Structures are given as structure tokens and as C-alpha cells.
Amino acid sequence: MIKLAHIDKTYNPNTVNETKLFTDFNLEVKDNEFVSIIGSNGSGKTTLLNMICGSIPIDNGEILINGESINKLSEFRRYKRIGRVYQNPAMGTCANMTILENMSLADNKGKIFDLKWGTNKKRIKFYKEQLAQLNLGLEDKLGVKVGLLSGGQRQAMALLMSTMTPIDILILDEHTAALDPKTAEIIMALTDKIVREKNLTTIMVTHNLMYALEYGSRLIMMHEGNAIMDIEGDEKRSVVVDDILDIFNRISIERGN
Ligand SMILES: Nc1ncnc2c1ncn2[C@@H]1O[C@H](COP(=O)(O)OP(=O)(O)O)[C@@H](O)[C@H]1O
Ligand SMILES: [Mg+2]
């Protein structure tokens, strides 16, 4: 279980740019839960993911995984059990390295750099099997530089690479937003397959309301650092896109914009 307890987070404190984002924020995500998070720009979705991954520090509170505080654990150490895919496919792959080199890099995640990596031919069969699951023919292009692939192909690889080593938690930050609708569908279906096969606890931020409703066991709407909606099970299944749009509209009317 991931637990955020009594989290405070203010950006640029005591300056004209001060943004008090989270105040006594609490959230629990159970093992194997797939949480979709929606919310307007600036509502704190990426910050929430960054706090869990240790990419940014928290001001107060505690983040626990399976009851143990990870406050003092570096971002590098946290990524041993966390996979993360970003909006930009370029973030999760290395453009000027080949498919094989990228797979090897992902395979060795969390290990200290070792010259033997590049020559580990025994793993090639495994990489080919992994790539074949994508149905993109990448297993026959191991020598091709990843920078030459399409955005969708790169994002498929990023997803594969982030989930190749044993992890417990998958963090997705609008990972389909930069893709055309058809490719986004393929990446979402692949995400769902990997999450199920590997029993991952998943937190997915998305702007796509249809994906937020279709995928995941729980739906959270963020607004100004608060979870203003948090539903699961039958309640989640009964919600339609128009219901969500109504809430968005109400929020913007209340804010007067
Ligand atoms: N590194 C940062 N420095 C200062 N302010 C930031 C930083 N990251 C985010 N913010 C501010 O915090 C708020 C929430 O941002 P973010 O978590 O990125 O929201 P979302 O992902 O929901 O769009 C925004 O007002 C944003 O400007
Ligand atoms: Mg964001």
C-alpha cells in the first residue's frame, strides 16, 4: 500500500510566486489498485506523482510504502520498485542508443554501471520476446536507433522498459497525451495488459476522461491540491463522461472563470 499522510507542499515559499498546493493531504492506494487521476491544469497531479517518486521533497508529512516511511529514500532507490512513464516518449528512452542498448539499459536499472552490459548476448532472446509482445515488429530491429522510431513506438518501448525489472508500482503521467488517438488506444490496452499481468499498483494521470472511466478500479479528481472526488467499484462504473464534465463546469463557475 502507498500512503501519503498529512502532506504539506508549498512551491517558492515566502516569495511573490508562493504556491501553497497541498495542506494536510492524505491518500491511500491499496495494493493492485489502479487509480486514474483527472483534474484541471495546476491541480497538483504531477506534483503528487513527483512526491511519491521522490523527484521533489515534501515540506511536512510522511509517504509510506507497505507501512514503511520512504521519506529518506532517494529518487534513485525508489525507482527500484517504481516504474514511471511520462507524457513525452523521449523521456523514457534514449534516442541515440539502439533498441538493444535501450533494453539493456532498462534491464540493468538500479545497478551500478558495468562495462559487461553491452555484451550480454544471453539476454537478447529475452529482449526479443519482450519486444514481440508489442506487435510492432521491433524485435527484428534491435540495431535501430530509438530516435528513428515513431512517438507511439517509443512510448510502447518506454512502457516495456519501465516494467521490465520487478516493480510493484507503476506511475503514468499523461502517457498517452502526446499520441494520436489510434496509437493512444494501443498504448492504453498495452498498459492495462501489463498492469494485470504484473499485478502492479498503478496511478495514472490522464486528461482523457474516457480512459479514466474505462480503465482503472478507482477514479480521483484533483482540484487545487485536494481530491474532490474519489470513487471506485459500482459507483465508478455508473459514472459517465457528462457527469465529470458537469463537475468540471461547476468548479470553473465557482472559481469565476
Ligand atoms: N517546480 C515547480 N516550481 C514552482 N511551482 C511549481 C512547480 N511545479 C509545479 N508548480 C506549480 O504547482 C501547481 C501544480 O502543478 P502540477 O502539479 O504540475 O499540476 P498538474 O500536473 O495537475 O497540472 C501549479 O500552480 C504549478 O505552477
Ligand atoms: Mg501535470
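Student: How many nonpolar, polar and charged residues does the shell around ligand 1 have?

Tutor: Sort the shell by class, then count. In this predicted model, the shell around ligand 1 has 9 polar residues, 2 nonpolar and 1 charged.

Student: Which residues are around ligand 1?

Tutor: Go along the chain. Tyr-11, Asn-12, Thr-19 and Leu-21 are among them. The list also includes Gly-39, Asn-41, Gly-42, Ser-43 and Gly-44. Lys-45, Thr-46 and Thr-47 belong to the shell too.

Student: Which elements give two or more residues to that shell?

Tutor: Match the residue numbers to helices and strands. Two or more residues come from β2 (19-29), and likewise from α1 (45-53).

Student: Where does the largest share of the shell come from?

Tutor: From α1, with 3 residues.

Student: Now the backbone. Which value does phi of Asp-24 have, and where is the residue placed?

Tutor: Look at the sign of the angle, then at the residue type. Phi of Asp-24 is near 50°, which is positive, and the residue is not glycine. Asp-24 sits in strand β2.

Student: Why is Asp-24 classed as exposed?

Tutor: Count neighbours. Asp-24 has 12 other C-beta atoms within 10 Å, so it is exposed. The cut-off for that class is 12 or fewer.

Student: What about Asn-32: what is its phi, and where is it found?

Tutor: Read it the same way. Phi of Asn-32 is near 70°, again a positive value outside glycine. Asn-32 lies in the loop between β2 and β3 (34-39).

Student: Why is Asn-32 called partly exposed?

Tutor: Asn-32 has 14 other C-beta atoms within 10 Å, so it is partly exposed. A buried residue needs 20 or more.

Notes
Residues are numbered from 1 along each chain as its sequence is written. Chains are lettered from A and ligands numbered from 1 in the order in which they are written. This is a predicted model: local features need pLDDT of at least 70, side-chain atom pairs count only at pLDDT 80 or more; totals for chains, interfaces and linings use all residues. A residue is near a molecule or strand if its C-beta atom, placed from the backbone, lies within 6 Å of it. Helices (H or I, at least four residues) and strands (E, at least two) are DSSP runs, numbered from the N terminus. Ala, Val, Leu, Ile, Met, Phe, Trp, Tyr, Cys and Pro count as nonpolar, Asp, Glu, Lys and Arg as charged, and the others, Gly among them, as polar.
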